[in-house]
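Here is a short tour of some helix packing and aromatic contacts. Have the model open as you read along.

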Amino acid sequence: MAFDAYDDYEQSERVQKWLRQNGLSIVVGIVIGLIGIFGYQQWRNHQVSHQAAASGIYQQLQAVIDSGNTAASDSLVQQLMNDYSDSPYALFAVSDRARRQVEAKDYDKALDSLAWAEQHAPSPSLKALVELRIAHVQLGKGDAQNALAALDRMPPDSYTVVSQELRGDVLVKLGRPDDALKAYRAAVKALGPEAQQGNEVQMKIDDLATAGKQGA
C-alpha cells in the first residue's frame, strides 16, 4: 500500500514537472487553435455574406434590365465587376451584358466583356463556358481564326457536343472540310447511342460528304 502511495506521488510529481516545462507551449497551442477556428468561422461568414450581397445585386440587375434602364443596368454590372469580381454573379452579369451587346451587333464590346469574364471566371467549367461563348461571337463576327483559338483554350472534354460542333463550323469557314468532319463526328459520338441519324450535326456531316463527292 505504501509503495502504491509512493508511486502515485511520484507520478503526480512527474506530471507537475512536465506541465511546468511544457505548460506555456500547450496554452499557446490551444490559443492558436482557437484563433484558427474563430478566424475560419469569420472567413466563412464573410464569404457567405459576400456572396449573398452579390446575389442581391444580380437579382436587382435583372429587374433593372427588364425595365429597360440601360444606365442603371450598366452601373450595377460595374458594381459587381468592381466589388464582387470573385463571385460567379459578376461573371453572369458580364456574360449577360455580352449577350445584349451581341444582339445589338456590337461584337467588339461583347468580346471585351467576355475577355473580362474569362479572366475572372471562378471555376474551370465556367471559364470553358466563357471561351465557348467567345468562339461563338468571333465566328459571328466573321473571325474564324480567333474563334478556333478560343476553342483551343478550352479543356478537351468541356461541353464536348457543342464545342465540337462549333469547331466543325469554324473549320468549314476556314476551308478545312476534313478537319471539320472529324469535329462533327466527335460531336455525334459525344451525343451517345441515343442520338438519332436526323440530328443537326449528322446533317452537317452528310452535307460535307456530299460536297466532297461533288468536288471529286
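## Two tyrosines and their surroundings

Tyrosine 58 has a relative accessible area of 16% in this predicted model, so tyrosine 58 falls under the 20% limit and counts as buried. Tyrosine 89, at 24% relative accessibility, is partly exposed instead.

How many aromatic pairs does the structure hold? There are three. In one of them, the ring centres of tyrosine 58 and tyrosine 89 lie 5.9 Å apart, and because their planes stand at 45°, the pair is classed as tilted. Tyrosine 58 belongs to helix α1 (residues 2–67) and tyrosine 89 to helix α3, so this pair ties together parts that are 31 residues apart in sequence. Phe92 joins in as well: Tyr58, Tyr89 and Phe92 make up one aromatic cluster.

## Helix α2 against helix α3

Tyr89 also takes part in a helix contact, on the α3 side of the packing between α2 and α3. Two numbers are useful here, since a packed pair of helices is described by the angle between the axes and the distance between them. For helix α2 (residues 70–83) and helix α3 (residues 88–103), the angle is about 140° and the axes are 8 Å apart. Roughly antiparallel would need an angle over 145°, and α2 and α3 are therefore oblique to each other. The crossing of α2 past α3 is left-handed.

Which residues meet in this contact? From α2 come Asp74, Val77, Leu80 and Met81, and from α3 come Tyr89, Ala90, Ala93, Val94, Arg97 and Arg100. Sorted by class, the residues of this contact are seven nonpolar and three charged, with no polar ones.

## Helix α6 against helix α7

Further along the chain, helix α6 (residues 144–152) packs with helix α7 (residues 160–173): their axes come within 9 Å and cross at roughly 150°. That angle is over 145°, and α6 and α7 are therefore roughly antiparallel to each other. Here α6 passes α7 in a left-handed crossing.

On the α6 side, the contact is made by Ala144, Ala147, Leu148, Leu151 and Asp152. Their partners on α7 are Ser163, Leu166, Arg167, Val170, Leu171 and Lys173. What does this contact of α6 with α7 look like by class? It has seven nonpolar residues, one polar residue and three charged residues.

Technical notes. Residues are numbered from 1 along each chain as its sequence is written. This is a predicted model: local features need pLDDT of at least 70, side-chain atom pairs count only at pLDDT 80 or more; totals for chains, interfaces and linings use all residues. Side-chain values use heavy atoms; hydrogens and water are left out. Axes are lines fitted to C-alpha atoms, for helices over the stretch in contact, and angles run from 0 to 180 degrees between N-to-C directions. Helices (H or I, at least four residues) and strands (E, at least two) are DSSP runs, numbered from the N terminus. Angles under 35 degrees count as roughly parallel, over 145 as roughly antiparallel, 65 to 115 as roughly perpendicular and the rest as oblique. A crossing is left-handed if the near helix is turned anticlockwise from the far one by less than a right angle, and right-handed if clockwise. Contact means heavy atoms within 4.5 Å. Ala, Val, Leu, Ile, Met, Phe, Trp, Tyr, Cys and Pro count as nonpolar, Asp, Glu, Lys and Arg as charged, and the others, Gly among them, as polar. Rings of Phe, Tyr and Trp (its six-membered ring) pair if their centres lie within 6.5 Å; planes under 30 degrees apart count as stacked, over 60 as edge-to-face and the rest as tilted. Buried means under 20% relative accessible area, exposed over 50%, partly exposed in between (1.4 Å probe, protein chains only).
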